[in-house]
Amino acid sequence: MNDRMGKIVSFLVYPVMLVLVYEVVMRYAFNRPTIWAHETSCMLYGAHFVLGGAYALRHDAFVNVEVFYMRFPRRTQAIVDLVTWTMFYIFVGVMLWKSLPWAWTSFSVKEFSNSTWGPAVWPVKWTIPFAAFFMLLQGMTKTIKDSYLAVTGRELVPVADTEDAVRS
């Protein structure tokens, strides 16, 4: 699910790019800057960034202190991950807990930006609890795999099978 979400969300980079190119051309070639381009690009990129987090988590794209971590056997890495994942769960839990009422309030009042252009901001605010939910699901998947490896010494899903499943 997070692979599909990540691939869909990755296409948000194209409208961001088009909006920014349009703004640059209008500003510097025609001396006619827009009032909407900056806010639009910020909203689209914000959605792209937060919704892409679960995809990055799925593909281990976050930073580790690899000087030490990569030298550990895979089972030790899983144990270290299980210990450090408590911080992840606290972060994502607070993100979900705080963002849900914030997004709901924004939706219920149909919140708009205070700028001259004044677009609706509630759809962008809803990306935060959705992103937290998808990251929580991906984190739970990783925790299950790490727990299995820590206890048994074997991968729950062999790496070759995982890569084949991603391709299909």
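The exercises below, each with a worked solution, concern helix packing, a nonpolar core and single residues in a predicted model.

**Exercise 1. Packing of α3 and α7**

Task: Determine how the axes of helix α3 and helix α7 are oriented to each other, and which residues make the contact.

Solution:
1. Two packed helices are described by the angle between their axes and the distance between the axes.
2. Helix α3 covers residues 37-51 and helix α7 covers residues 122-152; their axes come within 9 Å and cross at roughly 5°.
3. Angles under 35 degrees count as roughly parallel, and α3 and α7 are therefore roughly parallel to each other.
4. On the α3 side the contact is made by M43, A47, V50 and L51, and on the α7 side by V124, T127, F130 and A131.
5. Sorted by type, the residues of this α3 and α7 contact are seven nonpolar, one polar and no charged.

**Exercise 2. T127 within that contact**

Task: State whether T127 is buried or exposed, and which residues of α3 T127 is in contact with.

Solution:
1. T127 is a residue of helix α7.
2. The cut-off for buried is under 20% relative accessible area; T127 has 11% relative accessibility and therefore counts as buried.
3. With neighbours within four places in sequence set aside, T127 is in contact with A47, V50 and L51.
4. A47, V50 and L51 are among the α3 residues that make the contact with α7.

**Exercise 3. Packing of α2 and α3**

Task: Find the orientation of helix α2 relative to α3, the handedness of the crossing and the make-up of the contact.

Solution:
1. Helix α2, residues 13-29, packs with α3 at an angle of about 160°, and the axes are 9 Å apart.
2. Angles over 145 degrees count as roughly antiparallel, so α2 and α3 are roughly antiparallel to each other.
3. The crossing in which α2 passes α3 is left-handed.
4. From α2 the contact takes V13, P15, V16, V19, L20 and E23; from α3 it takes A37, T40, S41, L44, Y45 and H48.
5. Divided by type, the residues of the α2 and α3 contact are eight nonpolar, three polar and one charged.

**Exercise 4. The largest nonpolar core**

Task: Identify the residues that touch the most other members of the largest nonpolar core, and the elements that give two or more residues to this core.

Solution:
1. The largest nonpolar core has 13 residues, and F88, V92, A132 and M135 touch the most other members.
2. Two or more residues come from each of α4 (53-58), α6 (74-108) and α7.
3. The most are given by α6, with five residues.
4. Not counting residues up to four places away in sequence, F88 touches L57, M135 and G139.
5. One of these, M135, is itself among the residues that touch the most other core members.

**Exercise 5. Two buried polar or charged residues of α7**

Task: For Q138 and D146, give the relative accessible area and the contacts beyond four places in sequence.

Solution:
1. Q138 lies in helix α7, and D146 is found in helix α7.
2. Q138 has a relative accessible area of 10% and is therefore buried.
3. Away from its sequence neighbours within four places, Q138 is in contact with N2, A54, L57 and R58.
4. D146 has 1% relative accessibility and so counts as buried.
5. Under the same exclusion of neighbours within four places, D146 is in contact with R74, A78, D81, L82 and W85.
6. W102 is 44 residues from D146 in sequence, and their C-alpha atoms are 33 Å apart in space.

**Exercise 6. Loop residues**

Task: Assign N31, K110 and F112 to their loops and state how exposed each one is.

Solution:
1. N31 lies in the loop between α2 and α3; the cut-off for exposed is over 50%, and at 65% relative accessibility N31 therefore counts as exposed.
2. Phi of N31 is positive, near 55°, in a residue other than glycine.
3. K110 is found in the loop between α6 and α7, and its 41% relative accessibility makes K110 partly exposed.
4. K110 is not a glycine, yet its phi is positive at about 50°.
5. F112 is also in the loop between α6 and α7, and F112 is partly exposed with a relative accessible area of 48%.
6. Apart from neighbours within four places in sequence, F112 is in contact with G118, P119, A120 and V121.
7. From F112 to V50 the separation is 62 residues in sequence and 20 Å in space, C-alpha to C-alpha.

Definitions and conventions. Residues numbered from 1 in each chain as written. Predicted model: local features only at pLDDT ≥ 70, side-chain atom pairs only at ≥ 80, totals over all residues. Heavy atoms only, no water. Axes fitted to C-alpha atoms, helices over the stretch in contact; angles between N-to-C directions. Helix = DSSP H or I, 4+ residues; strand = E, 2+ residues; numbered from the N terminus. Parallel < 35°, antiparallel > 145°, perpendicular 65-115°, else oblique. Contact = heavy atoms within 4.5 Å. Nonpolar A, V, L, I, M, F, W, Y, C, P; charged D, E, K, R; others polar. Core = buried A, V, L, I, M, F, W, Y, C linked by side-chain atoms within 4.5 Å. Buried < 20%, exposed > 50% of the residue type's maximum accessible area, 1.4 Å probe, protein only. Left-handed = near helix turned anticlockwise from the far one by under 90°.
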